[in-house]
Amino acid sequence: MPQPLRLVSNANVQPEDTPSSSVTPLPDADLLDAYSQAVTTAAQRVSPSVVNIEVFQLDRQRTRNPQRSQEARGNGSGFIITPDGYILTNSHVVSGAARIEVTLSDGRHFQADLVGDDPDTDLAVVRIHAPTQLVPAKLGDSAAVKVGQLAIAIGNPYGFQYTVTAGVVSALGRSLRAKSGRLIDSVIQTDAALNPGNSGGPLVNARGEVIGVNTAVIYPAQGICFATSIDTAKFVAASLIKDGKVTRGYIGIAGQTVPLHRRIVRFFNLSTEQGVLIITVEANSPAQTAGLTEGDVIVGINGMLIAGIDELHKQLTGDRVGVPVELTIIRGNEQRSLTVVPVSSRP
């Protein structure tokens, strides 16, 4: 007679090939190897796009002596953004250049033309005409950048093989004053060291995607370097390639992207959880005339939601100059609408 089946609980049964619930931590050597592998892989992916930029400028102090060189040299880095030879770099690297020469990662040399220069964001675009298609860098997304993530700065200084430094994203939403006097908003702060000549090179994540353009270092401080966010760079580069310049509607504020409290989002029925916090309002500016003050948070322009400083920049284009625009702001616990008239330059 067949025996009845018995149900046996396997809650405490662990087959020999089933891993234990406790995870054994990796040895330090393995962790370091994984970190090195991430940096190495990212550098290999973007390095074919990184170039050396050599700038020649007339040296007015030496033109009186014909036996001395009449050209002074500058040096920086850049990276290819299109297969047909457009290269993104810093404005301060190529500004005022009499001649620009570009050296690719494979050693080829080309003379470059300045396409456009935007000192307000310290960005510029140059172009070379190569006989074959070039390898553009993969551009990332600034909105996806997180504090603490891996950041890798790559440059090609002085025509040597590309150099790599690695660190982490230290802070987001910084403001940095450009040589033009304008504050560059939404700047990425990193502790990845910038070697001399690395200005204009890409700051990339672990996947080799460009998240910023290396632009400045604070020399008295240790490990404080800055990069213009790639979302800002995309907008500026597109304008420079199309028109050779960036025409903006100026309202006279400095701001940064901040998260909105859930209570505010629900109370005002907003479909965005971010806004632009006004840090400073410049004197005699359209913003001051309109009544904007420090601490206001911009959440909309002409009925369109604004979720970050980059979106505000994109809306304040040249066609907004002289045209009244309605800004929706959060001030304290109130939502207000103020009308501001952008101008094309500082008053």
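Contact here means heavy atoms within 4.5 Å. This is a predicted model, where local features need pLDDT of at least 70, side-chain atom pairs count only at pLDDT 80 or more, and totals for chains, interfaces and linings use all residues. Residues are numbered from 1 along each chain as its sequence is written, and side-chain values use heavy atoms, with hydrogens and water left out.

**Exercise 1. Find what Ala 38 touches, not counting residues up to four places away in sequence.**

Solution.
- Start with the address: Ala 38 is part of helix α1, residues 28-46. Helices (H or I, at least four residues) and strands (E, at least two) are DSSP runs, numbered from the N terminus.
- Now list the partners: with residues up to four places away left out, Ala 38 touches Leu 150, Ile 152 and Ala 206.
- Take Leu 150 from that list. Ala 38 and Leu 150 are 112 residues apart in sequence, yet their C-alpha atoms are 9.0 Å apart in space.
- Finish with accessibility: Ala 38 counts as partly exposed because its relative accessibility is 24%. The scale is buried under 20% relative accessible area, exposed over 50%, and partly exposed in between (1.4 Å probe, protein chains only).

**Exercise 2. Work out whether Asn 90 is buried or exposed, and list its contacts.**

Solution.
- Asn 90 turns up in the loop between β3 (86-89) and α2 (91-94).
- Asn 90 has a relative accessible area of 0%, so this loop residue is buried.
- Leaving aside neighbours within four places in sequence, Asn 90 is in contact with Asp 122, Leu 123, Ala 124, Ser 199, Gly 200, Val 213, Asn 214 and Thr 215.

**Exercise 3. Do the same for Ile 81, and give its C-alpha separation from Val 135.**

Solution.
- Ile 81 sits in the loop between β2 (71-80) and β3.
- Its relative accessibility is 16%, so Ile 81 counts as buried.
- Once residues up to four places away are dropped, Ile 81 touches Tyr 86, Ile 87, Leu 88, Pro 136, Leu 139, Ala 237 and Ile 241.
- As for Val 135, that residue is 54 residues from Ile 81 along the chain, and the two C-alpha atoms are separated by 8.1 Å.

**Exercise 4. Describe strand β1 and how it pairs with β4.**

Solution.
- Strand β1 covers residues 50-58 and is mostly covered, with seven of its nine residues buried.
- β1 pairs with strand β4 (residues 99-103) in the antiparallel sense over five bridges; two strands pair if DSSP finds at least two bridges between them.
- To get the register, put Val 55 opposite Ile 100 in β4.
- Then check for a charge over a ring: the charged end of Arg 99 sits over the ring of Phe 56, 3.9 Å from its centre. The test wants NZ of Lys or CZ of Arg within 6 Å of the ring centre and within 35 degrees of the ring normal.

**Exercise 5. Count the aromatic pairs and classify what you find.**

Solution.
- The rule: rings of Phe, Tyr and Trp (its six-membered ring) pair if their centres lie within 6.5 Å; planes under 30 degrees apart count as stacked, over 60 as edge-to-face and the rest as tilted.
- The count comes to one aromatic pair.
- Phe 267 and Phe 268 make up that edge-to-face pair, at 5.0 Å centre to centre and 90 degrees between the planes.
- Phe 267 counts as exposed because its relative accessibility is 63%, while Phe 268, at 17%, counts as buried.

**Exercise 6. Locate the largest nonpolar core and say which element gives it the largest share.**

Solution.
- A nonpolar core is a set of buried Ala, Val, Leu, Ile, Met, Phe, Trp, Tyr and Cys residues joined through side-chain atoms within 4.5 Å.
- The largest one has 25 residues, and those with the most contacts inside it are Phe 79, Leu 88, Ile 152, Ile 154, Val 204 and Val 210.
- Elements giving two or more residues to this core are α1, β3, β6 (123-127), β7 (150-155), β11 (210-217) and α3 (230-243).
- Helix α3 gives the largest share, six residues.
- A second, separate core has 19 residues, including Ile 298, Ile 301, Ile 306 and Ile 309.

**Exercise 7. Sum up the whole protein chain.**

Solution.
- The protein chain has six helices and 18 strands.
- Of its 347 residues, 45% count as buried.
- Among contacts between residues at least 6 apart in sequence, 61% join residues at least 24 apart.
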